[in-house]
Amino acid sequence: MMFKGSQSIEPEQHARLIASRGGSSNAYTTRDVTVYTADVTSQALPLVIALEAERVANLDITEATLVSERKVVLEERRMRTDDSPGGKAMESLFSQTFQAHPYRWPVIGWASDIANTSVEACREFFAAYYVPNNITLVIVGDFDSAAALEQIEQAFGALEPVRPIPRNKTEEPVQDGERRSIVHFDVTSPTLAYAWRAPRSGHADSEALDVLSQILSGGRSSRLYRRLIYNEQVALSAHGGYWEWADAGVFYAYASVRPDAQVERVEDLLLEEIAKLRESPVDAIELEKAKRQIEVSMVNQLSTNSAVANRIGFDVTVLGRIRPLEDRLAAIQAVTVGDVQRVAREYLRRDGRNVVHVIANPDPIAAPASPAGGGS
């Protein structure tokens, strides 16, 4: 709806004005933030600043726009979740990994939320969160800093801050046992998903968990990929990682099971690999390889102005400061063999694991007959 016009800008004109100057614009939402991006030349920067301030100040939230965008979001949810075994698996996994915290909710929302959201609710949300004291504005590239700051002050300076901004205060209780669910879906290739709760972004164990995840499931040379796909040939894909957010993190593993294999067998093999990491120190060569892979990834992820801006925005919003790349690389280099085994033991515990199997329904129930006189 942020692209559907304001008092001074017609629907879709925001994106068209940027595109007409050779730029591009987009947006995305994570569990912590919503981000709006614009990639433009420095000559178009004043226009982008003005456009952003205009839609924050004067967004036109109407019933017609809501009806139109609701269809778009419902279709996106259908494609990514409702019709996707992987989407079903991850939605179920998060809803049981977090019992109290809003991280248990899908970012896109439940279908009933999307279908029943009102214009009034949209306006209330916009008024609560789309305010100048809840916005982090990041500009990266070749531009005149003094001129840009003056333009920002002129465009955003008149906007009134809002206090207090609603914040979630829920603390997730300690998980006291394994949680497991089975999702029936029309699949020939079952899906296995595992998750353990892990620390928030910026925690002292974050780098060790990054290295652990690289060794276990980071790419085709990882232990999980080699065991499940190359050696045992029971999975079509296998990956995982450490996701870190403002309030918590998740360490996860995921496998798409071959049609001729059993999901239980894949789970047994996964647990064997987890047990090895908990019980035996990793090889020093394997450790150094994982560190190099992470370092290369960190550098490559900052190869564009847009990527740098996204990283700065995340750091400021979640950590409250900009963390230099040198500090992040040094922290990865400082991870030891002992650190990897310690975090594996501390976080990948049996009583803290969450498990989802997505399998075909072994006993499908026939669809109920239409009531008398009903249509087809």
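1. Pairing of E4 with E7. In this predicted model, strand E4 and strand E7 (residues 353–359) run antiparallel and are joined by 6 bridges. One point of register is given by Tyr194, whose bridge partner in E7 is Val355. Strands of a sheet in general pair through backbone hydrogen bonds, in either the parallel or the antiparallel sense.

2. Pairing of E4 with E6. E4 also pairs with E6, again in the antiparallel sense, and here 8 bridges are found. Ala198 has Gly249 as its bridge partner in E6. As to burial, 7 of the 8 residues of E4 are buried, so the strand is largely enclosed by the rest of the structure. The cut-off behind this statement is a relative accessible area under 20%.

3. The sheet as a whole. These strands belong to an open sheet of 5 strands in the order E3-E7-E4-E6-E5, and the pairing is mixed. Strand E3 (179–184) and strand E5 (235–244) form the edges, each pairing on one side only. On average, neighbouring strands of the sheet are turned by 10° against each other, direction ignored.

4. The E5 edge. E5 and strand E6 (residues 249–257) run antiparallel and are connected through 9 bridges. Within this pairing, Gly240 stands opposite Ala253 in E6.

5. Helix H8 on the sheet. Which strands does helix H8 (residues 206–217) lie across? The helix lies across strand E4 (191–198), E5 and E6, and its direction is at about 175° to E5.

6. Contact of H8 with H11. The axes of H8 and H11 come within 9 Å and cross at roughly 105°. This angle makes H8 roughly perpendicular to H11, because the range taken as roughly perpendicular is 65 to 115 degrees. From H8, the contact involves Asp210, Val211, Gln214 and Ile215, while H11 contributes Glu286, Leu287, Ala290, Lys291, Gln293 and Ile294. By class, the residues of this contact are 5 nonpolar, 2 polar and 3 charged.

7. Contact of H11 with H13. Helix H11 (residues 284–300) and helix H13 (residues 325–333) have axes that come within 10 Å and cross at roughly 165°. H11 is therefore roughly antiparallel to H13, the limit for that description being an angle over 145 degrees. The crossing of H11 past H13 is right-handed. On the H11 side the contact residues are Glu288, Lys291, Ile294, Glu295, Met298 and Val299, and they meet Leu325, Arg328, Leu329, Ile332 and Gln333 in H13. The residues of this contact divide into 6 nonpolar, 1 polar and 4 charged. Lys291 and Ile294 appear in the contact with H13 and also in the contact with H8.

8. Helix H6 and its packing. Helix H6 (residues 119–129) has Val119, Cys122, Phe126 and Ala128 as its buried residues. The buried residues of H6 pack against two other helices, H2 (45–58) and H3 (63–82).

9. Leu47. Buried or partly exposed: which term applies to Leu47? This residue of helix H2 has a relative accessibility of 22% and therefore counts as partly exposed. The cut-off for burial is under 20%. Leaving aside neighbours within four places in sequence, Leu47 is in contact with Leu17 and Arg21. His14, 33 residues away from Leu47 in sequence, is 9.9 Å away in space, C-alpha to C-alpha.

10. Asn361. Asn361 is placed in the segment after E7. With 36% relative accessibility, Asn361 counts as partly exposed. Not counting residues up to four places away in sequence, Asn361 touches His184 and Phe185; His184 falls at the end of the range given for the edge strand E3 (179–184). The C-alpha atoms of Asn361 and Glu91 are separated by 18 Å, and the two residues are 270 residues apart along the chain.

11. Overall description. The secondary structure of the protein comes to 14 helices and 7 strands. The C-alpha trace spans about 70 × 60 × 40 Å along its principal axes. Of the 376 residues, 40% count as buried. Among contacts with a separation of 6 or more, 78% are accounted for by residues 24 or more positions apart.

Key:
Residues are numbered from 1 along each chain as its sequence is written. This is a predicted model: local features need pLDDT of at least 70, side-chain atom pairs count only at pLDDT 80 or more; totals for chains, interfaces and linings use all residues. Side-chain values use heavy atoms; hydrogens and water are left out. Axes are lines fitted to C-alpha atoms, for helices over the stretch in contact, and angles run from 0 to 180 degrees between N-to-C directions. Helices (H or I, at least four residues) and strands (E, at least two) are DSSP runs, numbered from the N terminus. Angles under 35 degrees count as roughly parallel, over 145 as roughly antiparallel, 65 to 115 as roughly perpendicular and the rest as oblique. A crossing is left-handed if the near helix is turned anticlockwise from the far one by less than a right angle, and right-handed if clockwise. Contact means heavy atoms within 4.5 Å. Ala, Val, Leu, Ile, Met, Phe, Trp, Tyr, Cys and Pro count as nonpolar, Asp, Glu, Lys and Arg as charged, and the others, Gly among them, as polar. Two strands pair if DSSP finds at least two bridges between them. Buried means under 20% relative accessible area, exposed over 50%, partly exposed in between (1.4 Å probe, protein chains only).
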